[in-house]
Amino acid sequence: MRLHPNIAIVRRFYHAFIARDTATLWAIAGEDLGFHVPGRSRWAGDHRGREALLELYYQFGKESERSVRIELHDIVGGDEHAVGLHHVTASMAGKHLDINGTAVCHVNEGKLIEVWLGWESQRAFDEFWG
């Protein structure tokens with residue numbers, strides 16, 4: 001069974017993030033990528049552009065002493081969107097995060113152009129990141 005191309009793109013994006021492969025992230029992300037983080041943490045809001053995404057990922061890693069781990073469970077999708085289902089763990093300053101999440105991804109012409117994160121407990125995410 002052949003995967004829908006958008007599922008393959010989002011899978012490559014996850015694997016590149018997990019491997020900290022910025023060259024692949026750069027190749028997959030649209031130049032004006034919108035990355036939307038829900039909630040009330042300091043990361044909440046809309047981040048626009050590939051540079052903003054990489055800075056956000058850098059800060060996540062730096063503040064958590066590179067403890068953030070993502071385990072990809074599955075990706076489902078079609079012609080315009082693909083949704084990643086994942087599990088995230090992280091530790092910092094005596095706090096621990098252990099949570100399931102989603103990434104709703106809009107793909108256009110082979111590029112990831114919008115990503116909306118979601119969490120099984122927004123409160124847990126916000127409390128961890130402060």
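**View 1. His87 of strand 4 has Asn100 as its bridge partner in strand 5.** This is a predicted model. Strand 5 covers residues 95-108 and pairs with strand 4. The two strands run in the antiparallel sense. Their pairing extends over 12 bridges.

**View 2. A hairpin links strand 4 and strand 5.** Just 2 residues lie between these strands. Look for Ala93 in the turn. Its phi is positive, at about 50°.

**View 3. Strand 3 lies antiparallel to strand 4.** Strand 3 holds residues 69-77, and strand 4 holds residues 81-92. The two are joined by 8 bridges. Which residue stands opposite His87 of strand 4? Glu71 does. Between strand 3 and strand 4, a hairpin runs through 3 residues.

**View 4. The chain has 4 helices and 6 strands.** Follow them along the sequence and the pattern reads α-α-β-β-α-β-β-β-β-α. About 45 × 30 × 25 Å is the span of the C-alpha trace along its principal axes. How does the radius of gyration fit a compact globule? A globule of 130 residues would have a value near 14 Å, and the chain has 14 Å, so the two agree.

**View 5. Inside and outside of the chain.** Of the 130 residues, 45% are buried. Take the contacts with a separation of 6 or more: 49% of them come from residues 24 or more positions apart. The accessible surface is about 7,200 Å². Carbon and sulfur atoms supply 52% of that surface. Charged side chains number 14 positive and 18 negative. The centres of these two sets are 5 Å apart.

How values were computed:
Residues numbered from 1 in each chain as written. Predicted model: local features only at pLDDT ≥ 70, side-chain atom pairs only at ≥ 80, totals over all residues. Heavy atoms only, no water. Pairing = 2+ DSSP bridges. Rg over C-alpha atoms; globule rule 2.2 N^0.38 Å. Buried < 20%, exposed > 50% of the residue type's maximum accessible area, 1.4 Å probe, protein only. Contact = heavy atoms within 4.5 Å. Areas by Shrake-Rupley, 256 points an atom, 1.4 Å probe, with all protein chains shown as cover. Lys, Arg positive; Asp, Glu negative; His and termini not counted. Charge placed at Lys NZ, Arg CZ, Asp CG, Glu CD.
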